[in-house]
Amino acid sequence: MSVLTRDEAQTRAELLDVHRYTIELDLTGGDDTFDSHTRIAFSARTDGDTFVEIKPAELRSVTLDGHPLDPRDLDGNRLPLKNLTAGEHELRVHAAMRYSRTGEGMHRFTDPTDGATYVYTQLFLDDVQRVFAAFDQPDLKAVFELSVRAPQEWTVLANGITEHTGDGHWRAAATPPISTYLVAVAAGPWHSVRTEHRGLPFGLHCRRSLAPYLDADADELLDITRACYDRYHEKFDEPYPFDSYDQAFVPEFNAGAMENPGLVTFRDEFVYRSAVTDTERQTRAMVVAHEMAHMWFGDLVTLKWWDDIWLNESFAEYMGYQTLTEATRFTDTWTDFGVTRKAWGYDADQRPSTHPVAPEAVDDTASALLNFDGISYAKGAGALRQLVAWLGEKDFLAGINTHFARHRFANATLADFIDSLAGATERDVHAWADAWLRTTGVDTLTPHIAPGDHGTCALTVDRAGGRPHRIAVGLYDRDLGDDGGQLVLRERLHLDLPQDGAHPVGKRPALLLLNDGDLTYAKIRFDPESFETVRKDLSGLPAPLSRAVVWNALRDAVRDGELAPGAYLETARAHLPLETDLAIVQGVLAFAATHITDRYLTPEERPAALATLSELCRDLIRRTEDGDNPGLRLIAVRHRIGVAAHPDTIAAWLADGTVPGGPELDPELRWRVLARLAVLGATDEAAIAAELERDPSATGQEGAARCRAALPDPEAKARAWEAMFGSDELSNYLFAATARGFWQPEQADLVRAYVPRYYADAIPVAERRGPAIAAAVGRDAFPAHAVDADTLRLGEECLRDAAPTPALRRALVDQLDDLARALRVRESGRPA
């Protein structure tokens, strides 16, 4: 299949204007394919040749202006349209299209709980070609009219309001001009909750088997949706541009959500079957806010080409967090952003695969797909937060509203956006954009405190990197009262970097915290005295966002080989039992368990680290015995299960169905315990089968797949490997679950022979099954536990001598860089 290049897209956009698609889909033809009829009304500005894209199971007929074209002319995914004359044209394409099992195109899923079948589209970035014929590039917007024939008991959802016209036939209202990748259909026997807000139909939809769980949270979801909708209408002059707002929670979804106009699709793990923390509810709310922001950033005004994906994702990310903070009960969202999302951005920005937030050029669609990463989301949102701090929110919003007015239902570029901002301020936004959006890497800010007269001192900040920063600097003194260990904010300074001369700070503070409030995107370091305060008194910092900045700094120092992994664990052991913010607790424990114990420490050091984390979790469980903080207790229980080195305690929990003092083991916790028992060799196939009979849901199927792959048995490992790499039967979710069970640090000797096999087997399965599975092969199936020079050498040879697909190559580049970093951390001597 040919990928579309930027040059080809520009040439086609100069030739064509696309007016209207009329699409008829028939979903009643069986489990493997569906029928697709497409009529495209378009015009050519001049005489010329072009092509339309489609990836059919069978191309049955094509006519151009009533004249038949030969379906055998289809070359891969391209059907040539030759000798076009200037003027109006009509293309008709009839094809059979394949259903997907990998979350791409038209995904088909049968619910193991009740046997009901559901289908939905995911057409991003260039997967519309799997559903109907299209001139598939974002700047050829058109009106879409869609009709669907479905089984009688199904409901069909689409971008516009749908009407059932009888006998399983559904018709959707015509859309305004939108890009091809934003067309959406979701069909099946949905359970729906419907309401209206300000005259606009709102809907929530999920599988029937999840109905009780959606109903339990419907009020919360709708309240958040209404609050964000109202807040965006306060921020934006342009009203919501579509005729309805449906949110469908769909199975086996590859992303968190997709911003299809009028029909946002979410992964249905957001319909909670088991207990979750309030931070997880906040994350779900942020995704709701993020996707609604896309109705303006991305759907109303759309990028012209994929080099400007930040105009979609960075803005939706920033607006999602900011609007949630302003409009809902979730007022500490930036703490979660600092702990989880920014770490994702920092990591991505230090790998060889890094790229500017707004790259100068993205050559083709395959390259573009790789840029949906921590840079386009987290770094871009961090840059926008810095822009607002530098520009002021009033001017920022004025520029945004100018941008919407100039480009509504059209396409725009970085230059267009910067011009809109520049008209709202006297600041040099073009220079800011060049420094922040056209460069790569993370700046590092290091304070230096020089003594002055009469016990005073002055601050200078070294900046490794070339970006300007507007930051706050927190000066904290120790509270000398009875409590001790508390830090009190004396003053928060505001500095512009680079600075002119030293800044007086009065008497020396116990802690000087750069980027207090987390308004910029940069790594920070501490002066020696402040670092000692952090080690002793971190939990005494009053604001969770300040503590998040410190924890990020410690995380960065470990990754850079400047702080011993054991010192990080000691700091967590000392201060996490006193932490009140759930996002921080979860983030620190996740980094400690995933990176430090499994990668940065040697196998000989790992048992002691697991014991430390186990003791820390026990402390948190004891602290929450009174039931006042069930979210903190749930986090502690989950991580206690994950670091268990011996099966007795967690096996007793599973047998009793509860943790002493709570919580009861719901399906998520039961599968979590069983997976850890499988790793430890303390369960068997009979127990897994019994648990699957108890929970035969889709989540249960994934849990069983993970447990079976985790069994320390050669035959179990061989079966799992064959399922992943020898067969194409696993769906995207079952592939990921199997991969996550397969590699375990405790089983390094058992799976050692599979490490070299990975590189040989990953390439053909990625080529055969496409980008979604390729990403899972690189992300979930990579032997991340094998931190040694041989694994690194094998990977480097694979990149040099083999030909991985772009998605797999990118994943391998990142994994091998992380592996090399882990080796450097181990070899750094782990200074205290």
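Leaving aside neighbours within four places in sequence, Ser376 is in contact with Ile309, Glu313, Ser314, His355 and Asn371. This residue belongs to helix H7, which spans residues 375-391, and in this predicted model Ser376 counts as buried because its relative accessibility is 0%, where buried means under 20%. Asn371 appears in a second role as well, since the side chain of Ser376 reaches the backbone oxygen of Asn371 at 2.5 Å.

The sheet and the helix across it

An open sheet of 8 strands, with mixed pairing, follows the order S5-S4-S7-S2-S1-S10-S13-S12. Its edges are formed by strand S5 (67-69) and strand S12 (162-166), each of which pairs on one side only, and the twist from one strand to the next averages 20°. Strands of a sheet pair through backbone hydrogen bonds, either parallel or antiparallel. Within this sheet, strand S1 (residues 16-26) and strand S2 (residues 33-44) run antiparallel and are joined by 10 bridges, with Leu16 standing opposite Ala44 in S2. Helix H1, made of residues 6-15, lies across both S1 and S2 and runs at about 100° to S1.

Enclosed and open spaces

The count of cavities of 30 Å³ or more comes to 4. The largest cavity holds about 70 Å³ of space, and its lining consists of Phe297, Gly298, Val301, Thr302, Leu303, Leu311, Asn312, Phe315, His403, Phe404, Ala412 and Phe417. At least two residues of that lining come from each of strand S20 (301-303), helix H4 (310-327) and helix H8 (393-407).

The second largest pocket holds about 490 Å³ of space; it is lined by 25 residues, of which Pro603, Pro745, Glu746, Ala748 and His785 are the closest to its centre. Four helices are set out below, each supplying at least two residues of the lining of this pocket.

| Helix | Residues | Supplied to the lining of the second largest pocket |
|---|---|---|
| Helix H14 | residues 582-600 | at least two residues |
| Helix H15 | residues 606-623 | 3 residues, the most |
| Helix H23 | residues 754-769 | at least two residues |
| Helix H25 | residues 789-801 | at least two residues |

Which helix gives the most to the lining of the second largest pocket? That helix is H15, with 3 residues.

Conventions
Residues are numbered from 1 along each chain as its sequence is written. This is a predicted model: local features need pLDDT of at least 70, side-chain atom pairs count only at pLDDT 80 or more; totals for chains, interfaces and linings use all residues. Side-chain values use heavy atoms; hydrogens and water are left out. Buried means under 20% relative accessible area, exposed over 50%, partly exposed in between (1.4 Å probe, protein chains only). A polar contact is a pair of N or O atoms within 3.5 Å; within protein, one must be able to donate a hydrogen and the other to accept it, and residues adjacent in sequence count only if both atoms are side-chain atoms. Contact means heavy atoms within 4.5 Å. Two strands pair if DSSP finds at least two bridges between them. Axes are lines fitted to C-alpha atoms, for helices over the stretch in contact, and angles run from 0 to 180 degrees between N-to-C directions. On a 1 Å grid over the protein atoms alone, a cavity is a set of points where a 1.4 Å probe fits but cannot get out, and a pocket is an open set with protein on both sides within 12 Å along at least five of seven lines; lining residues have an atom within 4 Å of a point. Grid points are joined across faces, edges and corners, and a volume is the space filled by probe spheres set on the points.
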